[in-house]
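Q: I have a structure open and want to go through it piece by piece. Can you take short questions?
A: Yes, go ahead.

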Amino acid sequence: MDKLLAQKKLTARWYERWPRGLPVGIFVLTMAVTVLSVFAIERAEDQRQRAQMGQVAQEVASGIERRSNANAAYLRSSAALFATQQMVEAPLFRTFVRQLHLDGRYVGSDGIGWAMKVRRADVPTVEAIMRSGGLPDFTVRSAPGNTAAHVVPVMFIEPDSDRNRRAIGFDMFSEASRRAAMVAAERSGQPTATGAVVLQQEGKATGQPGFLVYMPVFALGQSDPGTKLRGYVYSPFNAQRFLEASIDEGRLQGAGVRLFDAINGTPKSAMTPMAAIDPVEDSGRVVNRPIDIAGHGFLLEIEAPATPMLSIMSVMTLLFGLLVATLLLVLARLLTQQAVEDRIALAWFEQQSSIRNSLTRELNHRVKNTLANVLSIISLTRRRATSLGDFADSLEGRIRALSATHDLLTQSDWGTTPVAMVVQAELAPYAQDVQRHLEMGGPDVELAPNDALSLGLAVHELATNAAKYGALSVESGRVSIRWEMAGEDVARIDWIERGGPPIDPEMRRKRGFGTELIEKIVAHELRNPVELRFEPEGVRCTLLIPVRRRGDFAIRQGRSGKIG
């Protein structure tokens with residue numbers, strides 16, 4: 001339990017010390033955890049997409065290789081048949097190819113053709129035979145600059161279409177890429193593909209690229225290697241149609257596919273794709289897979305479709321984290337604000353408790369002083385009174401003087417009280433008589449509470465004495481009360497009576513209660529002697545009253561400067 005309380009106090013101190021930093025820190029920490037979670041989700045999503053693209057690449061490569069293997073099987077079977085014939089004639093070739101029922105199963109290829117090896121000297125004879133056999137326009141066409149000892153022209157190609165007839169008579173051995181593949185096929189005895197070429201079927205050198213696959217046909221029973229090769233069974237492929245026919249675009253899931261001729265030493269960035277299926281939207285994230293088509297290396301590139309910057313799971317995680325971070329920020333802000341308010345309230349309660357204690361001590365002190373003054377007044381009044389009525393009247397007047405000054409102090413919250421207000425309060429009964437004249441005036445001087453009480457008591461005694469025996473007892477009498485600053489922290493008040501009855505010399509020697517009250521009690525409270533003279537013209541009294549700073553006697557002081 002104590003450990004839990006200590007932890008709560010420590011947390012409260014944190015809230016008080018960092019009222020803004022702590023909520024912001026909690027928000028930043030929560031968002032950091034959220035961002036890390038989003039990063040982990042996106043990383044896993046990227047790995048999943050890469051694995052998915054790898055699977056797509058594998059499926060595409062498998063489809064292309066299956067179609068390539070099927071083509072190789074057709075070419076092998078054709079080569080095996082033609083190897084048994086002394087002469088490959090048009091009827092035999094067409095019948096055999098048509099019996100393969102390639103329609104619908106050989107999509108992507110322009111068909112199967114036969115290219116016979118012919119010595120250059122025998123070219124005119126071969127042209128005459130082909131023209132008489134139903135091809136009146138047959139001519140062997142070689143690429144410029146070809147000086148090889150033999151040619152390999154296209155003799156037949158199925159299906160017989162206008163597109164395929166463009167290749168009839170073309171000497172494939174006269175073109176470098178084709179010749180390289182044919183030589184490699186002759187050496188290996190296996191189907192061999194060329195690199196990227198433009199097929200004769202395209203009709204122009206700038207047509208779509210493609211490739212060809214050659215299968216050599218050797219004569220049976222020949223011992224001379226030079227005369228053993230009879231020609232080639234081959235298949236021309238338009239690269240774009242071959243790519244589209246080899247894959248199921250529905251399984252690409254929006255991905256793109258590009259087929260490159262993997263020329264040795266050439267970076268992929270410098271290659272031009274032979275065929276391409278564009279992605280739904282470019283993403284730049286690719287997977288490369290090398291494939292082999294009839295012994296020739298190609299490069300397959302799979303580009304993943306563009307995806308949103310953040311996955312749905314990441315967006316949901318980010319929004320949830322933002323919501324949680326905001327709620328924690330608001331909660332922490334409320335807690336810090338509550339902690340600050342609690343600290344302010346606690347300080348206020350401590351201040352109020354201190355004020356109450358000070359008020360209690362001050363009240364006790366002032367009550368004791370007031371009671372002491374009352375007891376002194378009662379004692380002196382009793383000793384000087386000649387009768388019970390005289391005692392009661394004198395005591396009542398002096399008590400009323402104390403009460404009037406107390407009222408002034410109460411109105412000022414026991415703060416400073418102007419001298420003018422004290423004098424006016426004590427002389428109010430005499431100032432209402434128009435036949436009597438009072439003169440009072442002086443600068444604004446503020447007195448402390450105890451000093452104001454003493455001044456009020458002194459003025460009351462002087463006014464009472466003047467009303468009984470002095471200037472206020474006759475119509476011609478005048479009383480002047482003037483005050484001024486006699487120093488930085490002392491005020492002087494002069495009471496002067498004129499025009500009253502002559503003062504009996506006996507009264508100068510006889511000290512009455514009022515005289516003793518002023519000279520003893522008031523002088524003691526003011527901590528300055530009182531000068532009281534009974535002159536022939538009238539009574540003259542001079543009081544020196546200390547003017548103290550508020551901090552010397554105030555219990556508390558508000559912002560407005562009032563003592564409260």
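Q: Is Leu-335 buried, partly exposed or exposed?
A: Leu-335 is partly exposed, because its relative accessible area is 36%. Buried means under 20% relative accessible area, exposed over 50%, and partly exposed in between, with a 1.4 Å probe and protein chains only. Note that this is a predicted model: local features need pLDDT of at least 70, side-chain atom pairs count only at pLDDT 80 or more, and totals for chains, interfaces and linings use all residues. Residues are numbered from 1 along each chain as its sequence is written, and side-chain values use heavy atoms, with hydrogens and water left out.

Q: Where does Leu-335 lie?
A: In helix H9, residues 312–384. Helices (H or I, at least four residues) and strands (E, at least two) are DSSP runs, numbered from the N terminus.

Q: Which residues form the nonpolar patch with Leu-335?
A: Leu-328 and Leu-331 join Leu-335 there, with about 230 Å² of accessible area together. Patches take residues with over 30% relative accessible area and no salt bridge; like charges are joined within 9 Å, nonpolar side chains (Val, Leu, Ile, Met, Phe, Trp, Tyr) within 5 Å. Accessible areas come from the Shrake-Rupley method with a 1.4 Å probe, and for residues only the protein chains shown count as cover.

Q: Switching to H4. Which of its residues are buried?
A: Val-123, Val-126, Glu-127 and Met-130, in a helix that runs over residues 123–132.

Q: Why do they line one face?
A: Because, seen down the axis of H4, the buried residues fall within an arc of 100°. The arc is that of the directions from the helix axis to the C-beta atoms. The face turned away from the buried side carries the exposed residues Pro-124 and Ser-132.

Q: What covers the buried residues of H4?
A: The cover includes strands E1 (112–116), E2 (118–119), E3 (150–151) and E4.

Q: What is Ile-157 in contact with, leaving aside neighbours within four places in sequence?
A: Phe-93, Ile-112, Gly-113, Asn-164, Ile-168, Gln-201, Tyr-234 and Pro-236. Contact means heavy atoms within 4.5 Å. Ile-157 is found in strand E4, residues 154–158, and counts as buried at 6% relative accessibility.

Q: Back to H4. Which residue forms a salt bridge with Arg-131?
A: Glu-127, with the closest N and O atoms 3.9 Å apart. A salt bridge is a side-chain nitrogen of Lys or Arg within 4 Å of a carboxyl oxygen of Asp or Glu. Both residues lie in H4, four residues apart, about one turn of the helix. Arg-131 is partly exposed at 38%, whereas Glu-127 is buried at 13%.

Q: How many salt bridges does that rule give?
A: The count comes to 15.

Q: And what does Glu-303 pair with?
A: The side chain of Glu-303 meets that of Arg-258 in a salt bridge, 2.7 Å from N to O. This pair links distant parts of the chain, with Glu-303 in strand E12 (residues 296–303) and Arg-258 in strand E9, 45 residues apart. Glu-303 is buried at 4%, and Arg-258 counts as buried at 17%.

Q: Last one: how many helices and strands are there in the protein?
A: The protein has 14 helices and 19 strands. Buried residues make up 41% of its 564 residues.
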